[in-house]
Amino acid sequence: MDGGASYNPRTVEEVFRDFKGRRAAMIKALTTDVEDFYKLCDPEKENLCLYGYPSEHWEVNLPAEEVPPELPEPALGINFARDGMQEKDWLSLVAVHSDAWLLAVSFYFGARFGFDKADRKRLFNMINDLPTIFEVVTGVAKKQTKEKPSVSNHSGNKSKSNSKRGSESQPKYSKTVAAKDEVEDGLEEEDDEEHGETLCGACGENYAADEFWICCDICEKWFHGKCVKITPARAEHIKQYKCPSCSNKRARP
């Protein structure tokens with residue numbers, strides 16, 4: 001393996017460069033080189049790991065023999081789950097574990113070479129500005145960059161009742177319910193960033209640009225329309241939307 005003991009980045013910039021190289025390698029394995037990667041992950045073989053190196057090369061290999069290893073090790077036995085689930089789900093699972101490994105390696109270097117709080121924060125912010133491997137593999141990152149206009153359109157249709165809350169509305173909600181013909185470009189970008197971290201109050205999944213969402217006027221939580229059985233057409237006729245939880249609370253004596 002060419003990514004271990006011989007290369008030890010010591011500054012924030014060097015660790016970030018190391019991170020980017022390993023990240024690019026693993027993205028390559030899970031996207032453009034996916035056929036080769038799939039074949040190498042034979043479930044009949046022993047525990048295998050996906051390694052990404054700073055040189056942007058990837059490798060499927062057995063874990064390091066030395067204990068403890070020179071660097072944190074990636075997820076063990078990724079090949080065993082290959083034939084037990086759909087390929088896209090398996091690749092997504094490997095991507096999540098790869099993201100976790102990249103962070104472990106970067107902050108291992110940070111701890112080893114004495115990064116202080118400011119250095120660790122700067123390193124995390126640099127890493128956080130890049131889409132995760134999971135987001136790239138599943139296409140979420142592509143949607144976030146190409147579908148910003150659709151995000152504002154969906155947001156505008158989510159719950160018109162929020163616009164009637166006036167000054168009571170929090171900034172987050174007043175921005176997202178603006179009519180689509182009044183939304184400016186800067187506001188659209190802000191809307192997209194804010195909703196990227198929004199979770200559905202019913203299923204807990206992230207906001208997605210291609211899905212209809214609606215906000216409860218009582219608790220101000222957002223929900224997938226499908227999770228609360230509300231369609232865009234039905235939402236047009238709702239003056240004040242109450243989620244199932246808030247509706248149940250009101251119904252109690």
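A nonpolar core is a set of buried Ala, Val, Leu, Ile, Met, Phe, Trp, Tyr and Cys residues joined through side-chain atoms within 4.5 Å. In this structure, which is a predicted model, the largest such core holds 33 residues, and the members that touch the most others are Leu30, Phe37 and Leu50. Two or more residues of this core come from each of helix H1 (12-30), helix H2 (34-40), strand S1 (49-52), strand S2 (58-61), helix H3 (87-112) and helix H4 (117-128). The greatest share is that of H1, which gives nine residues.

## The chain as a whole

The protein chain has 253 residues, of which 37% count as buried, and its secondary structure comes to twelve helices and four strands. Among the contacts in the chain with a separation of 6 or more, 63% are between residues 24 or more positions apart.

## Around the largest core

Leucine 50 shows how the core draws on several stretches of the chain: leaving aside its neighbours within four places in sequence, leucine 50 is in contact with Met26, Ala29, Leu30, Phe37, Trp58, Glu59, Val60, Pro74, Ile78, Val94 and Ser98. Apart from the largest core there is a second, separate core of 15 residues, whose members include Cys215, Val228, Ile230 and Ala235.

Alanine 75 is placed in the loop between S2 and H3, and, not counting residues up to four places away in sequence, alanine 75 touches Leu48, Cys49 and His97. From alanine 75 to tryptophan 101 there are 26 residues in sequence, while their C-alpha atoms are 7.5 Å apart in space. Proline 68 lies in that loop between S2 and H3 as well, and the peptide bond that leads from valine 67 to proline 68 is cis, with omega near -5°. For context, most peptide bonds are trans.

## Aromatic rings

The structure holds seven aromatic pairs, and the table sets out two that involve phenylalanine 37.

| Pair | Centre to centre | Angle between planes | Arrangement |
|---|---|---|---|
| Phenylalanine 37 and tryptophan 58 | 6.0 Å | 80° | edge-to-face |
| Phenylalanine 37 and tryptophan 90 | 5.3 Å | 15° | stacked |

The pair of phenylalanine 37 and tryptophan 58 links distant parts of the chain, since phenylalanine 37 is in helix H2 and tryptophan 58 in strand S2, 21 residues apart. Because phenylalanine 37 lies in helix H2 and tryptophan 90 in helix H3, their pair ties together parts that are 53 residues apart in sequence. Phenylalanine 37 has 0% relative accessibility and therefore counts as buried, and tryptophan 58, at 17% relative accessibility, counts as buried too. Tryptophan 90 is likewise buried. Phe37, Tyr38, Trp58 and Trp90 form one aromatic cluster. At the ring of tyrosine 38, the charged end of arginine 82 sits over the ring, 4.2 Å from its centre.

## Helices H3 and H4

At 1.5 Å a residue, the 26 residues of H3 should span 38 Å, and the distance of 37 Å between its end C-alpha atoms agrees with this. Just after H3, glycine 114 takes a positive phi of about 70°. The start of H4 has a side-chain oxygen of aspartate 116 that reaches to within 3.2 Å of the backbone nitrogen of alanine 118. The twelve residues of H4 should span 16 Å at 1.5 Å a residue, and its end C-alpha atoms are 16 Å apart, which agrees.

## Strand S4 and the loops beside it

Histidine 224 lies in strand S4 (residues 222-224) and, with a relative accessible area of 3%, is buried. Its side chain is joined to that of glutamate 211 by a polar contact of 3.1 Å. Not counting residues up to four places away in sequence, histidine 224 touches Cys200, Cys203, Glu205, Asn206, Glu211, Phe212 and Trp213.

Most residues other than glycine have a negative phi. Glutamate 220, however, has a positive phi near 60°, and this residue is found in the loop between strand S3 (213-215) and S4. Lysine 229 has a positive phi near 60° and lies in the loop between helix H10 (225-228) and helix H11 (232-235). Are these residues buried or exposed? Glutamate 220 counts as buried because its relative accessibility is 11%, whereas lysine 229, with a relative accessible area of 71%, is exposed.

Note on methods:
Residues numbered from 1 in each chain as written. Heavy atoms only, no water. Buried < 20%, exposed > 50% of the residue type's maximum accessible area, 1.4 Å probe, protein only. Contact = heavy atoms within 4.5 Å. Phe/Tyr/Trp six-rings, centres within 6.5 Å; stacked < 30°, edge-to-face > 60°. Lys NZ or Arg CZ within 6 Å of the ring centre and 35° of its normal. Expected span 1.5 Å × (residues − 1). Polar contact = N/O pair within 3.5 Å; in protein donor to acceptor, adjacent residues only side chain to side chain.
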